[in-house]
Amino acid sequence: MRAESESRTPETKSVLVAFACSLGYTEKVTFEKSVRLGLLALAVAVAILLLATGLGGEMALFWAFGMAFGFVLQRSRFCFASAFRDVFLLRHGRNLKGVLVGLAVATLGFGVLMSQQVPFPALGLLPQEANVLPLGWHVVLGGLLFGAGMVVSGGCVSGSIYRMGEGYIASWVSFGGILVGLLAAGYTWNWWWRVQIADGARLWLPAFIGHGGAIVLTMAALVVIYLLLLWWESRGGLVIPDREFDAGNEETFAGKLNNTLRRIFVHGWPAAAGGAVLGGLNVMLFTAAHPWGFTGELSRWSIGFTNWLGLGPGALAGAADLPGCTLEVGGGGILQHMFFLVWGMVFGSLIGALLAGEFKIRLPRQRTRYLQSAGGGVAMGYGAGIAMGCTIGAFFSAIPSLAVNGWVFAIFLAVGAWIGVQIIQRIQ
Amino acid sequence: MSFRQLDVRGEICPYPMMKAVQALKKLTPDDDGLQVITDHAPALDTIPTQAARLGFQTEIEETGTPEWCITIRRAP
């Protein structure tokens, strides 16, 4: 194992070379162990796709979407926790710029879709599936808890899900914490509904300034944030650029194919590329069903299970009538289409990590890390429960929904992340 | 050449970077630099920048799948 890795030069190692060779060369084809496992995992994923097709077309579709999301998250290491955190911790906006690119792509796509769904927004109708959610203190507290929780645990919900696929055991602990936090939110939902959510205004920008106005305003706000970020970075000191892709200079077909494969499967993607692809996938998912988001589904597991035991929160007032990632009471069995989306994300990330040689079971040595992951997870779960979404549902899919709640959540997410930075700097 | 060693394998984000910065600040004039062993890929982007801001330059060597050794020495 050791000898094998020493004989390799970085970035040119890939066994994908061999794959390229297999198309035109007669040399003996060898695959590294992690790539063999990655291809095996891909075969298993295809088998699950076929089984899911048997269960119903929607399940297969969501499995495929989940895999695509997980793969892109892993390849671009798209991490909302670091996007917000690094602005404060490092004065560095690389990941936040990627998020802004994704928001811009999704805003254009969502804008077109919603203008077809609701041609006359001034009449007061809302697009049925878009994440336009009631405003109130629950969004503020939810954003703060989520922002602090994701920094303390080292990843938001989507970040934890893709790191589960990369073999980070602490992320599995975070995931458990998130399920517990969502259940806790379930127990307090009816109180929040009574005092805040039921009367909260659902402000959808096109209702006030039309579709075009709302899209232009949202895009302008994204550009302003981008410029602010550049100014903030310029005061932070020098930044070493990401490692460059080490392209081979072979002009043959196999050489070129090998470069392409390494660019996609081995070398990490720039955050902006990841953001653009995720934004595009989000538009496709909205076209097929509804915007990307999954904390509603996660709540269905923990609330549904405890309800089944007779210990759960019971009925959730008004929740069934709200879109997005609002808490769900469960029922109808575990195998539903969103179940396939969540585990598809884990599997897509696992395949991406194996093919890139980045999979490893990672166990933190300090016991504090497990407490941090669990505690941060519970805070995120509770925050996502009352704010009706995580960094995806209440933010990455809400701002493109041209909904005011997306911006309110984003502001307090940033404040929460700042609080989280203060906390982790005090935990060694 | 004497390099301090820092093994942050298994650590969660962003501790590999934070621990590396802490170790760099503790280097004495006798140390030539620091070697960080990590299995956390995002650290390959964050550590070089933080090291540069403290006046160091870095070199990354891939030592396993996935494992890297980041050599950090004082910029001349």
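A residue counts as buried if 20 or more other C-beta atoms lie within 10 Å of its own, as exposed if 12 or fewer do, and as partly exposed in between. The structure described here is a predicted model.

## Two residues with positive phi in chain A

The definition can be applied at once to A:Arg91. This residue is partly exposed, because 17 other C-beta atoms lie within 10 Å. A:Arg91 is located in the loop between α5 and α6 (94-117) of chain A. Its phi is near 50 degrees, a positive value in a residue other than glycine.

A:Leu402 also has a positive phi without being glycine; the value is near 60 degrees. Its place is the loop between α16 and α17 (404-424) of chain A. Is A:Leu402 buried or exposed? It is buried, because 29 other C-beta atoms lie within 10 Å.

## The surroundings of A:Phe84

A:Phe84 belongs to helix α5 of chain A. With 28 C-beta neighbours inside 10 Å, A:Phe84 is therefore counted as buried. Which residues does A:Phe84 contact, once its neighbours within four places in sequence are left aside? They are A:Leu96, A:Gly147, A:Leu413, A:Ala414 and A:Ala417. The pair A:Phe84 and A:Ala417 shows how the fold brings together distant parts of the sequence: the two residues are 333 residues apart in sequence, and their C-alpha atoms are 6.2 Å apart in space.

## Helices α13 and α14 of chain A

Two helices of chain A may be set side by side.

| Helix | Residues | Number of residues | Distance between end C-alpha atoms | Expected span |
|---|---|---|---|---|
| α13(A) | 295-309 | 15 residues | 21 Å | 21 Å |
| α14(A) | 337-356 | 20 residues | 28 Å | 28 Å |

The expected spans rest on a rise of 1.5 Å a residue, and for α14(A) the distance between the ends agrees with the expectation. For α13(A), the reach from the first C-alpha to the last is likewise close to the expected value.

How many residues of α14(A) are buried? The number is 19 of the 20, so this helix is largely enclosed by the rest of the structure. In α13(A), the buried residues are A:Thr295, A:Gly296, A:Glu297, A:Leu298, A:Ser299, A:Arg300, A:Ser302, A:Ile303 and A:Asn307. Their cover includes α8 (157-166), α9, α14, α15 and α16 (392-396) of chain A. The helix α14(A) is thus among the elements that cover α13(A).

A glycine with positive phi follows each of these helices. After α13(A) comes A:Gly310, with a phi near 85 degrees. After α14(A) comes A:Gly357, with a phi near 70 degrees.

## The packing of α9 and α15 of chain A

Two packed helices are described by the angle between their axes and the distance between the axes. Helix α9 (residues 169-195) and helix α15 (residues 367-387) of chain A pack at an angle of about 35 degrees, and their axes are 6 Å apart. Their crossing is right-handed. The residues of this contact comprise 18 nonpolar, 11 polar and 1 charged.

## Chain B

The secondary structure of chain B consists of 2 helices and 4 strands. In what order do these elements run from the N terminus? The order is β-α-β-α-β-β.

The C-alpha trace of chain B spans about 30 × 20 × 15 Å along its principal axes. A compact globule of 76 residues would have a radius of gyration near 11 Å, and chain B, with 11 Å, agrees with this expectation. Of the 76 residues in chain B, 42% are buried. Among the contacts in chain B with a separation of 6 or more, 58% are between residues 24 or more positions apart.

Chain B also contains cis peptide bonds before proline. One joins B:Cys13 to B:Pro14, with omega near 0 degrees, and B:Pro14 is in the loop between β1 (3-7) and α1 (15-25). Another joins B:Thr65 and B:Pro66, with omega about -15 degrees; B:Pro66 is in the loop between β3 (56-64) and β4 (67-74).

## The contact between the chains

The contact takes 29 residues from chain A and 22 residues from chain B. On the side of chain A, α5 (80-89) and α15 each supply at least two residues. The helix that gives the most is α5(A), with 3 residues. By class, the side of chain A that touches chain B has 10 nonpolar, 10 polar and 9 charged residues.

Conventions. Residues numbered from 1 in each chain as written. Chains lettered and ligands numbered in written order. Predicted model: local features only at pLDDT ≥ 70, side-chain atom pairs only at ≥ 80, totals over all residues. Expected span 1.5 Å × (residues − 1). Axes fitted to C-alpha atoms, helices over the stretch in contact; angles between N-to-C directions. Left-handed = near helix turned anticlockwise from the far one by under 90°. Nonpolar A, V, L, I, M, F, W, Y, C, P; charged D, E, K, R; others polar. Rg over C-alpha atoms; globule rule 2.2 N^0.38 Å. Contact = placed C-beta atoms within 7 Å.
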